[in-house]
Amino acid sequence: MRFSFLFLFLPISIILADVSRFIDSLELPGAGGQINVFTKSSALISSRPVSLRSYSDDTVALPSTITLSRETLEQRLGESIAHRYQASGKVVAFLTREWSSIKVSSNYLIKISDCSPDQICSSTFTRFSVWDSGNLVGEFAEPLRIGHFVDVFFSKTPLQRGTRLNSIQFDKKPVDILKKYAGTVPANINLKGYQLASNVKSNTPIKWNFLSKVTLVKKGQIVDVFASGNGIYVTMKGMALEDGVSGGNVTVKNLSSKKEFQAKVLNENSVKVHL
């Protein structure tokens, strides 16, 4: 019986001893203080707040709400018009009427259904719709002013009429080719085969009407004629019956048969004809 009593007493003592490790101080109200219980850290108690996110690796962030303001809409319309017409450079759109901002999620889309006229020009009337997560928010029709900014050639120094052109003679600057700089030559054009048709000053934007193609083949000149087609390849001599520019067609007379035919100018001494 005594053995049983000891057996029951031991677990109780162990439990009490274990609990006491978590209690640092105890002040009774009657002693003029408050009861303050402080617990130490243990494997079962965290001193920091537990975040629910830590229990799951599958947390999905919900789309945030944004304001489709005038500035944001203009930027997106410019991008959409550039994509619609596969335009190089940068297309900028400006609304010409007041726009009331609307709330959408970050998953919104703008779809252009029609532009009049159906090309990139300085003024256009555009119909478009706004979609949010697959749902139609609204359909709109707005007049727009458009800017199309492209790098074009500017002369570095004064150039004389007849100068054969090379890209190293020019700087490249972005300008709006729909307005003041309409007709300027884009900086991605290969200038080989062109010459100036008039004098230009330094820092002048180069326009197409300033250029003319270089005459490579002159009337009465004897040229090499390369003819190919259907597995046949022949060369012969011919006489150009007119001036010809790079890539242009010229009438040539066969010196042997005296027959005349059209050939494409390759360079200063050669033309090509397809049999």
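**Entry 1: the cavity**

I began with enclosed space, and the largest cavity comes out at about 30 Å³. This is a predicted model, so I keep that in mind on every page. How many cavities of 30 Å³ or more does the structure hold? I found 1.

Next I looked up what lines the cavity. The residues are Ile 81, Tyr 85, Cys 115, Gln 119, Ile 120, Cys 121, Thr 124 and Ile 146. Sorted by class, that lining has 6 nonpolar residues and 2 polar ones, with no charged residues.

**Entry 2: two cysteines**

Cys 115 and Cys 121 both appear in that cavity lining, and I wanted to know whether they pair up. A reminder to myself: a disulfide is a covalent bond between the sulfur atoms of two cysteines. How many disulfides does the count come to? It comes to 0.

Why is Cys 115 not bonded to Cys 121? The closest cysteine sulfur to that of Cys 115 is the one in Cys 121, and it lies 8.5 Å away, too far for a bond. I used a cut-off of 2.5 Å between the sulfur atoms here. Cys 121 is likewise in no disulfide.

Are the two buried or exposed? Cys 115 counts as buried because its relative accessibility is 3%. Cys 121, at 16%, also counts as buried, since the cut-off is under 20%.

**Entry 3: the pocket**

Now for open space. The largest pocket has a volume of about 150 Å³. Its lining is made of Glu 71, Glu 74, Gln 75, Gly 78, Glu 79, Ala 82, Gly 89, Lys 90, Val 91, Val 92 and Ala 93.

Which element gives the most to this lining? Helix H2 does, with 6 residues. H2 spans 70-84, and strand S2 (90-95) joins it in supplying at least two residues. By class I noted 4 nonpolar, 3 polar and 4 charged residues around the pocket.

**Entry 4: the whole chain**

I stepped back to see the overall picture. The protein chain has 2 helices and 16 strands. Of its 275 residues, 28% count as buried. Among contacts with a separation of 6 or more, 51% link residues 24 or more positions apart.

**Entry 5: how far to trust it**

Last, I checked confidence. The chain averages a pLDDT of 82, and 77% of the residues score at least 70. Where does pLDDT stay under 50? It does so over residues 1-56, for which the model has 20 contacts beyond four places in sequence. Where pLDDT is low, the predicted coordinates should not be read in detail.

Methods. Residues numbered from 1 in each chain as written. Predicted model: local features only at pLDDT ≥ 70, side-chain atom pairs only at ≥ 80, totals over all residues. Heavy atoms only, no water. 1 Å grid on protein atoms, 1.4 Å probe; cavity = no way out; pocket = protein on both sides within 12 Å on 5 of 7 lines; lining within 4 Å. Points joined across faces, edges and corners; volume = space filled by probe spheres on them. Helix = DSSP H or I, 4+ residues; strand = E, 2+ residues; numbered from the N terminus. Nonpolar A, V, L, I, M, F, W, Y, C, P; charged D, E, K, R; others polar. pLDDT = per-residue confidence, 0-100. Contact = heavy atoms within 4.5 Å. Buried < 20%, exposed > 50% of the residue type's maximum accessible area, 1.4 Å probe, protein only.
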